[in-house]
Amino acid sequence: MNAHSHREESFFRKYIWSTDHKIIGLQYGLTALLFLSVGFFLMMVMRWQLAYPETPIPFVGSFFGEDGILLPEIYNSLGAMHGTIMIFLGVVPLAVGAFGNYLVPLQIGAPDMAFPKLNAASYWSYFIGGVIMMGSFFSEEGAARSGWTSYPPLADIEVGQTIWLIGMVFLITSSLLGSMNIITTIVQLRAPGLTWRRLPFFVWTQLVTSFLLVLAFPPLEAAAVLQLMDRVAGTSFFLPSGLVISGEALAVSGGGSPLLWQHLFWFLAHPEVYVLILPAMGIVSEVIANNTRKPLWGYNSLVFSVIFLGFMSFVVWAHHMFLTGMGTAMSSFFQITTMIISIPSVIILSALFISLWGASIRFNTPMLFALAFLPMFGIGGLTGLPLGIAASDIYLHDTYYVIGHFHYVVAPGTIFALFAGIYYWYPKITGRRMNERLGQLHFWPSLLFMNGVFMPMFIQGLAGVSRRLWDGGLEYAHAAGVLQWNEFMSISAWLLGISQIPFIINIFFSLKRGEKVDRNPWEATTLEWVAPSPPLPHINFETLPEVHREAYEYSVPGRNRDFTPQTEPKKG
Amino acid sequence: MKIKLIGTLIVFVLVNFGYSGDVEGKITFDGKAPKMKPLRMDADPVCVANSDIKPRKEWLVLDENYGVKNVLVFIKESKSGSFADNYDSPKEVAILDQNGCVYVPHVLGVMVGQQLDILNSDGTLHNIHALPKVNKEFNKAMPRSKKQMSVTFDKVEAPFKVKCDVHPWMGAFVGVFEHPYFAVTDDSGSYTISGLAPGKYVVEAWHEKLGSKTADLTVDDSGATQNFTFTKPKKK
């Protein structure tokens, strides 16, 4: 192992074709942050059109249409690509590719991932998928326009959809390679003494997430290939007989089923929601345990809940399809499973809330983001319940209420947790702490404006405003009473964008000027804090750690410190 | 200078009166005239406000003498080989206007490569969706701020539909030709195709509902006349 670490590597081998999980994690992280910025930028452009319909977009208007006015078809492209980029190129790669890659081997005391080359292949497959997706903007008719859900037969019209599908095949392949690697690593490479019950909760969430990816993505990969065949090879997997588009019979052989796509898509895409949220819960748990200086309340409940959540996430998918007329028996089944799946979610959230009880909380930046995650995810989760019941979903389906709901889960939910994780583990990656003042300057406006963007969506949604209107509802009489919120939400979104500037400055500023810290600046218990900061290339630890304790031994009565690392042997 | 002028005049006279003729005719309908119902535009208040008169459906527009409007009459082929090999695309721009939430004109012929300007004279969102089989389909939104867009067609094509996906009653038909010998009948059902060299041709009259009819045509120095009579197609 040491001989391996002493081998001199070229810059190219070390940072580009790297097989070190930490470098790959950073590659994932930086690429995903870049894509998140692109996705966010698309949204800011869309919000201009919603706030000020048919007025030229300042500064960047010439990219989006003649006279700087955003045309409806381009708005549709931006909407589809915003969702695609944020989910498949931004949040999942950051939550699983970056955090999972960087932290799982460290937290389990492993020198690297089980399959380092597979790990590199996973990143580069993701990278190629991302380039293809971005390239679709420059195709003749622009990027895909059929939403991130790509429902046929509408998705079978535009050329950009073909490129979207090819990109998806690469992205899915990347996720499959990465998740198999994480599962194998956790099962095989845990340090001596690291039993399942001593595993940090973050590792549990990564394990369950990886199982979700491994089991749920193959159907979508198959579906993507089938839809691709429908487009380029004249098949009709998702195209029914007698299909008429725009009054013209479509020249396809028919016999397929558009509903089949919806089933295959949501069979992935609902577990995908948990792929987005479980790593976030894991990160928040680590940060909360550390900054409350208490063990996580109900560790066992958390673990069993996350496993149950993973299992149940495979039997709720059709609650996205109540309007397809699949019948009351099927609807009833999926309503019941949806209500059941809310139970473990509530257990996890409750356990994290109870963990705060009686704690002497350190209100640093990662903790602020972690604390904000709890009510924000709570709002996102609870507003999902009316969507899980067919009777109310029929009214709310495809309105801004849905947009508000899932953005509360993913944006002030998952993304806040990811921010918490970046602030929390930055010292491990760089050996320096991020600037606290800039951190606070990032957090408070972000919290304020995040709610400014998404809270009014519930109001508009309850008023029946459709989520896909290019003009924000201007042409619909029923929307007239709630249109004033469009400008408010858009200004909030732009201010939210400005609020990210301190974060970007902080990342670069702290690289050189951040406070230098030792290997365990937060006085944490888990294994990653035993390694040097940054951990050693390829081997992580000077000597492989041995685990003697559970993950969160904070403030144990009778000890001389308020934390006991997992590596500290038990006396006697 | 004088010689040049006289020469030009002679060529002009020869071309216009000696070696080309106008094909004229009238299209009539034989049968019971159906009543064109008013278009129901209530879905978009802007459309209702923009229409001075209440527009009616346009799938069979007849005058009092049963002359059929909106028939596209064109030379289908030349039997005597008197077509030129190729014709330059005219610089004149063809216009298809969205005005009062109907297309004006309802039927239109253009040449390959000829610029077609699609206008939006209404203060509302239209969606111009062309459904050609040979040329490239396009589907572009025209919000009220977008007053004009220009398209061209690269290939010859029989009349195809152009529709608005926002206002389902809106429909127009465009035929694309390699030559300039086509015309659309006016309110009285009359048409004139000018500048055709003497020779033998096949002329076709196309109507969106009544179908097509063809006739052999001999054009001499004085031109030719070709009338067509359509009947209501039998239900299959």
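These are my notes on a predicted model with chains A and B, taken element by element.

**Entry 1: chain B overall**

I began with the make-up of chain B. I found two helices and 17 strands in chain B. Of its 236 residues, 33% count as buried. I then looked at contacts in chain B between residues at least 6 apart in sequence, and 65% of these join residues at least 24 apart.

**Entry 2: the five-stranded sheet of chain B**

I looked up the strand order next. Five strands of chain B make an open sheet, ordered S5-S11-S10-S7-S8, and the pairing is mixed. The edges are S5 (107–111) and S8, each of which pairs on one side only. On average, neighbouring strands of this sheet are turned by 20° against each other, direction ignored.

**Entry 3: strand S7 of chain B**

Is S7(B) largely enclosed or largely open? I checked burial for residues 126–130, which make up S7(B), and four of the five are buried, so the strand is largely enclosed by the rest of the structure.

I then went through the pairing of S7(B) on each side. With S8(B), residues 138–142, it runs antiparallel, and five bridges join the two strands. With S10(B), residues 157–164, the sense is again antiparallel, and I noted three bridges there.

I also looked up single positions. B:Ala130 of the S7(B) and S8(B) pairing has B:Phe138 opposite. B:His129 has a partner in each of two strands: in S8(B) its bridge partner is B:Asn139, and in S10(B) it stands opposite B:Lys163.

**Entry 4: the four-stranded sheet of chain B**

I turned to another open sheet in chain B, which has four strands in the order S4-S3-S6-S9 with mixed pairing. Its edge strands are S4 (102–104) and S9 (148–151), and each of them pairs on one side only. For neighbouring strands of this sheet I noted an average turn of 20° against each other, direction ignored.

Within this sheet I followed one pair. S6(B), residues 116–120, pairs with S9(B) in the antiparallel sense, over four bridges. Opposite B:Leu116 I found B:Val151 in S9(B).

**Entry 5: helix H3 of chain A against H4**

I moved to chain A and took H3(A), residues 21–51, with H4(A), residues 72–107. The two axes come within 7 Å and cross at roughly 155°. That angle is over 145 degrees, which makes H3(A) roughly antiparallel to H4(A). The crossing of H3(A) and H4(A) is left-handed. By class, the residues of this contact divide into 22 nonpolar, eleven polar and one charged.

**Entry 6: helix H3 of chain A against H16**

I repeated the look-up for H3(A) and H16(A). Their axes lie 9 Å apart, and the helices pack at an angle of about 155°. H3(A) and H16(A) are therefore roughly antiparallel to each other. The crossing of H3(A) and H16(A) is left-handed.

Which residues meet in this contact? From H3(A) I listed A:Phe40, A:Met43, A:Met44, A:Arg47, A:Trp48, A:Leu50 and A:Ala51. From H16(A) I listed A:Asn486, A:Glu487, A:Met489, A:Ser490, A:Ala493, A:Trp494 and A:Gly497. The residues of the contact of H3(A) with H16(A) divide into nine nonpolar, three polar and two charged.

**Entry 7: A:Trp470**

I picked out one loop residue of chain A. A:Trp470 is found between H15 (436–462) and H16 (484–499) of chain A, in the loop that joins them.

Is A:Trp470 buried or exposed? I noted 23 other C-beta atoms within 10 Å of A:Trp470. The cut-off for a buried residue is 20 or more, so A:Trp470 is buried.

I then asked which residues A:Trp470 touches, not counting those up to four places away in sequence. They are A:Gln49, A:Pro72 and A:Tyr75. I also looked up A:Leu71, which is 399 residues from A:Trp470 along the chain. The C-alpha atoms of A:Trp470 and A:Leu71 are separated by 8.4 Å.

**Entry 8: chain A against chain B**

I ended with the contact of the two chains. Chain B contributes eleven residues and chain A contributes nine residues. On the side of chain B that touches chain A, I noted four nonpolar, two polar and five charged residues.

Notes
Residues numbered from 1 in each chain as written. Chains lettered and ligands numbered in written order. Predicted model: local features only at pLDDT ≥ 70, side-chain atom pairs only at ≥ 80, totals over all residues. Buried ≥ 20, exposed ≤ 12 C-beta atoms within 10 Å, placed from the backbone. Pairing = 2+ DSSP bridges. Axes fitted to C-alpha atoms, helices over the stretch in contact; angles between N-to-C directions. Parallel < 35°, antiparallel > 145°, perpendicular 65-115°, else oblique. Left-handed = near helix turned anticlockwise from the far one by under 90°. Nonpolar A, V, L, I, M, F, W, Y, C, P; charged D, E, K, R; others polar. Contact = placed C-beta atoms within 7 Å.
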